[in-house]
Amino acid sequence: MNAPAHTAVPIKVLVTKVGLDGHDRGSRLVANALRDAGMEVVYTGPWQSIPAVIKLATEEDVDLIGISSLATDHLIVPQLMAALREAGLGDVPVIVGGIVPDDDERMLLESGVARVYHPGSALATIAADVTELCTTARQGVPA
Amino acid sequence: MSGAARDRASTPGARPTDDMERWEQEIAAVPGATDPRHNRSGIEVKPLYTPHDWDAGRYEADLGYPGQPPFTRGIYPSMHRGRRWTQRQLIGLGTPTDYNRRLRTILDAGATAISLIPCNSVYRGVDADTVDPLLLGTCGTVINTPQDFADALEGIPIERISIGLNDPLPFTLLAQLLVEAKRRGVPWTALRGTSNQSDYISHYVANHMFFRLALPGSRRVLVDAIDFLGREVPNWNPLSVVGQHMQQAGATPAQAMAFTLCTALQVAEDCKARGMDPDAFLPRFTFFYDISISFFEEIAKFRAGRRLWARLARERLGARDPKSWRFKFHAQTSGIDLTRQQPLNNIARVTAQAIAGLFGGLQSLHTDAYDEVLSTPTEAAARIAINTQNILREEAGLADVIDPLGGSFYVESLTERMQAEIEAVIAEVDAAGGMYAAIEQGLVQRMIGDSAVAFQARVEAGEQKIVGVNAYVAPDRPEERAPLERPDPERMAAHLERIAAFKAARDATAVSAANDALARAADDPGANLFAAVVDATAAGLTQGEIVARLQERLGFGQPLVMV
C-alpha cells in the first residue's frame with residue numbers, strides 16, 4: 001500500500017517510547033507496518049525524555065507522534081501534550097499504544113491524545129487511522 | 001486394530017499396514033483435515049503420529065530415566081513427585097512496606113518461594129528522587145537503599161526461603177541482601193535463590209529496560225559475580241539465562257531455546273577463559289522461559305532443550321560432573337498470549353500454559369494473573385493465578401506421574417523435530433562467532449524482529465486465531481476488567497522522605513571513600529567488581545549511585561535498536 005496519491009510529501013511519523021521501560025515489540029511492529037504503508041518513520045530507542053521528543057519532532061517536522069507504553073510510562077504523556085502545545089506543536093496528533101487501563105485512556109484522551117490502541121489492535125487499522133489523522137492535520141483541521 | 005496389525009505397526013520404518021492405509025484414505029476424504037498445519041517454530045504438525053514417527057528402540061539412548069543423562073524425562077529422579085515445583089509468583093508494587101504486606105499474603109496463600117520485582121526506575125538504575133513521581137512503584141517496588149531492602153523483607157526468614165531477585169547487573173539488590181544477611185547474623189552460605197535478571201545478553205537484544213552497562217562491562221561484571229558468589233554464597237544461582245524476554249519480543253519457541261543455550265555457552269566460555277572450572281559453576285546455571293499457549297510445542301521445547309544442554313555441557317564445555325549437565329529452569333506463562341478482550345478468558349489460557357510447563361518438567365513456575373494485560377496485577381487476580389497451580393497439583397493430579405507424555409508418538413517426534421530446529425539456530429549463531437558476536441552484529445535482534453512480524457501477519461490474516469480478538473469476538477464489557485491498583489501517593493511521598501533521610505544521615509567521608517573505591521575497582525580489570533558493589537552497598541551507597549558510577553567508568557548500556 002502506498003501513501004494516498006493527493007499527499008505530495010509522504011507522511012512522516014515519529015515512533016518512540018518515553019519514560020523508563022524498554023519493551024519494544026509493539027513499537028517495532030507498528031513502525032514496520034507504517035513503513036510498509038508507505039510512510040516515513042523516525043524510530044528512536046527507548047527512554048526518551050519529553051524535551052528530546054519535542055526536539056526530534058521539531059527537527060524532523062513529523063506529521064504525527066506515536067508513543068508505545070507497556071509499563072505505565074503513558075502516565076507522563078499528558079506532560080508531553082502540554083510541552084507540545086507550549087512548543088507550538090499542538091496541531092501534531094499524538095497516538096498511544098500499549099497496556100493502557102480504562103481510566104488512564106480517558107485521562108489520555110482528555111489531555112489531547114488522538115487515539116489509544118490496546119493489545120489486539122490490527123496494524124492495518126492503526127495505519128489507516130494514522131493516514132487519516134495526518135491528512136486531516138495537514139488540511140489544518142484540528143485532530 | 002488387530003493383534004497382527006499392532007505387531008506390524010510396532011516395527012519402526014515398517015511398511016504401512018492395511019489399516020493405516022485405510023485410515024489415510026478416510027481422513028483424506030474429510031475436507032480440511034489433512035491441510036498442512038504448522039506450529040510457531042514453523043514445524044509441520046501432522047494429523048496423527050504412529051510408531052512410524054518415533055522409534056521406541058531408541059528409548060534408553062534418547063530418553064532414559066529421570067535424573068539420568070540425557071535428562072529428557074527430567075533432571076531429578078523423583079521430579080514433582082518428590083518435591084513440589086517451586087511456586088514463585090513475581091510480585092512488587094509501591095513502597096517496601098507495601099511489598100512486605102503483599103509478600104505475607106502470598107506466602108499465606110501457599111507460595112513456597114519469594115520474588116522481588118523492583119520499580120522500573122530501579123531497573124534503569126536511577127534513584128527515586130530523579131524520576132517523575134508518577135512513574136514510581138507502578139510496576140515494582142521502590143528499593144534504593146539497604147534500609148529499603150530491610151523494610152521489604154522484614155520478618156521474612158531469608159535463611160529458610162528461596163529468594164528470586166529481579167536484579168540486573170551489577171546486582172545491587174543482591175548486594176543489599178548480602179548486607180541484610182550480615183545485619184541479621186545470617187551466614188551467606190544459608191542464602192538460597194537466583195539472580196533472575198543476570199542475563200545481560202537478553203537485555204541487550206530484547207528487554208532493554210534492564211540493560212544498564214555497555215556490553216564489555218556487562219560481560220565482565222557477570223563473570224565477576226559468578227566467581228564471587230561461587231566462593232562466598234555457594235547456594236545462590238548467579239545466572240538465569242532468560243529465554244522469556246526473547247520469546248516475548250517475538251522469537252519462536254525454538255529460537256528462544258536456541259538463543260538461551262548459546263548464551264549459556266557464551267557465559268560458560270567467558271568463565272572458563274577466567275580459569276574457572278566448568279564443574280564449579282555450571283551446577284548453578286539456571287534458565288528462565290516463557291510458556292506460550294502452543295501446548296505441545298512448549299512441552300517439546302523444554303524436553304529438547306534439556307536433552308541438548310546435557311550434551312552441550314558435556315561435549316562443548318567439558319563438564320564431567322552430571323550435576324553440570326542438568327537443565328534447571330523456571331518458567332512463566334506468557335503474557336503475549338493474554339488478551340484485553342474478555343480478560344477472564346485469560347484464566348483458561350494461563351491454565352493451559354501452566355500444564356504445558358509442568359509436562360515440560362519445570363522446576364519453578366509463575367502463573368500470570370489474568371489482568372496482566374490490563375495493568376499491574378491486582379491482588380485478587382494474583383490469588384487466582386497461584387490457586388491455578390494448587391488446583392493442577394492437588395485436584396488434577398498433575399504431579400503424580402513423571403514426564404507423563406514421554407513415549408507419546410507425537411511428543412517424542414515433535415521433541416526430535418524441535419531439537420533439530422534448535423540446533424539449526426545454534427549453528428547460525430555459531431557461524432556468526434558465538435552469541436556475544438551475534439548480538440553485536442544484530443543477528444539475533446533481526447531474527448527476533450522477523451519472527452514477531454511473521455507472527456503478527458498470521459494473526460492479522462486470521463491464520464492464528466485468538467479468541468475475542470480475531471475469532472469469537474464479543475462486545476466489550478469493561479466491568480470484567482479489574483479495578484486499577486496504584487501506589488498510594490501519600491505513602492510513596494513518605495517513602496521518598498525516608499530515602500532522603502537515609503542519604504542525609506550517612507557519613508559523607510565514608511560515602512565518598514566508597515565511591516572512590518568503586519571507581520578504582522572498575523578501572524582495575526583484575527578487581528572483582530561485584531565484591532566492590534557489595535562493599536559500596538555496605539557503606540551505604542544507593543543503587544542509583546552505584547549504577548551511575550559504573551556507567552561513568554564502564555559506559556552506559558545502550559541497546560542496539562533496530563526496526
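This is a walk through a predicted model with chains A and B, from the outline of chain B to its sheet, the core and the contact between the chains.

Let us begin with the overall form of chain B. Its secondary structure comes to 23 helices and 11 strands. The C-alpha atoms of chain B fill a box of roughly 90 × 60 × 45 Å along the principal axes. For 563 residues, a compact globule would have a radius of gyration near 24 Å, and the 24 Å of chain B agrees with that. Half of the chain is tucked away, in the sense that buried residues make up 50% of the 563 residues. If you take the contacts in chain B between residues at least 6 apart in sequence, 76% of them join residues at least 24 apart.

Now look for the sheet in chain B. Five strands form an open sheet, and reading across it you meet them in the order E3-E11-E10-E9-E8, with parallel pairing. The edges are strand E3 (86–87) and strand E8 (239–242) of chain B, each of which pairs on one side only. At the E3 edge, two bridges join E3(B) to E11(B), and these strands run parallel. Here Thr86(B) has Ser364(B) in E11(B) as its bridge partner.

Strand E10 (residues 329–333) of chain B is a good place to pause. How many of its five residues are buried? Five of the five are, so E10(B) is largely enclosed by the rest of the structure. Phe329(B), Ala331(B) and Thr333(B) point one way from the strand, while His330(B) and Gln332(B) point the other way, and all are buried.

The two neighbours of E10(B) can be followed in turn. Strand E9 (residues 285–291) of chain B pairs with E10(B) in the parallel sense over five bridges, and Tyr289(B) stands opposite Ala331(B). Between these strands comes helix H14 (residues 295–315) of chain B, and E9(B), H14 and E10(B) make a right-handed β-α-β unit. With strand E11 (residues 364–366) of chain B, E10(B) shares three bridges, and the two run parallel. Ala331(B) turns up again here, standing opposite Leu365(B) in E11(B). Helix H15 (residues 345–359) of chain B makes another right-handed β-α-β unit with E10(B) and E11(B).

From the sheet we can move to the nonpolar interior. The largest nonpolar core has 186 residues, and those with the most contacts inside it are Val13(A) and Leu34(A). Helix H12 (residues 253–273) of chain B gives the most to this core, with 12 residues. What is Val13(A) in contact with, leaving aside its neighbours within four places in sequence? Its contacts are Leu34(A), Met39(A), Val41(A), Val62(A), Asp63(A), Leu64(A), Gly66(A) and Val130(A).

Finally, turn to where the two chains meet. The contact takes 29 residues from chain A and 33 residues from chain B. On the chain A side, helix H1 (25–36), helix H4 (102–110) and helix H5 (123–138) each supply at least two residues. The largest share of this side, five residues, comes from H1(A). By class, the side of chain A that touches chain B has 14 nonpolar, eight polar and seven charged residues.

Definitions and conventions
Residues are numbered from 1 along each chain as its sequence is written. Chains are lettered from A and ligands numbered from 1 in the order in which they are written. This is a predicted model: local features need pLDDT of at least 70, side-chain atom pairs count only at pLDDT 80 or more; totals for chains, interfaces and linings use all residues. Two residues are in contact if their C-beta atoms, placed from the backbone, lie within 7 Å. Helices (H or I, at least four residues) and strands (E, at least two) are DSSP runs, numbered from the N terminus. Ala, Val, Leu, Ile, Met, Phe, Trp, Tyr, Cys and Pro count as nonpolar, Asp, Glu, Lys and Arg as charged, and the others, Gly among them, as polar. The radius of gyration is taken over C-alpha atoms; the globule rule is 2.2 Å times the number of residues to the power 0.38. A residue is buried if 20 or more other C-beta atoms lie within 10 Å of its own, exposed if 12 or fewer, and partly exposed in between; C-beta atoms are placed from the backbone. Two strands pair if DSSP finds at least two bridges between them. A crossover is right-handed if, with the strands pointing away from the viewer, the path from the first strand over the helix to the second runs clockwise. A nonpolar core is a set of buried Ala, Val, Leu, Ile, Met, Phe, Trp, Tyr and Cys residues joined through C-beta atoms within 7 Å.
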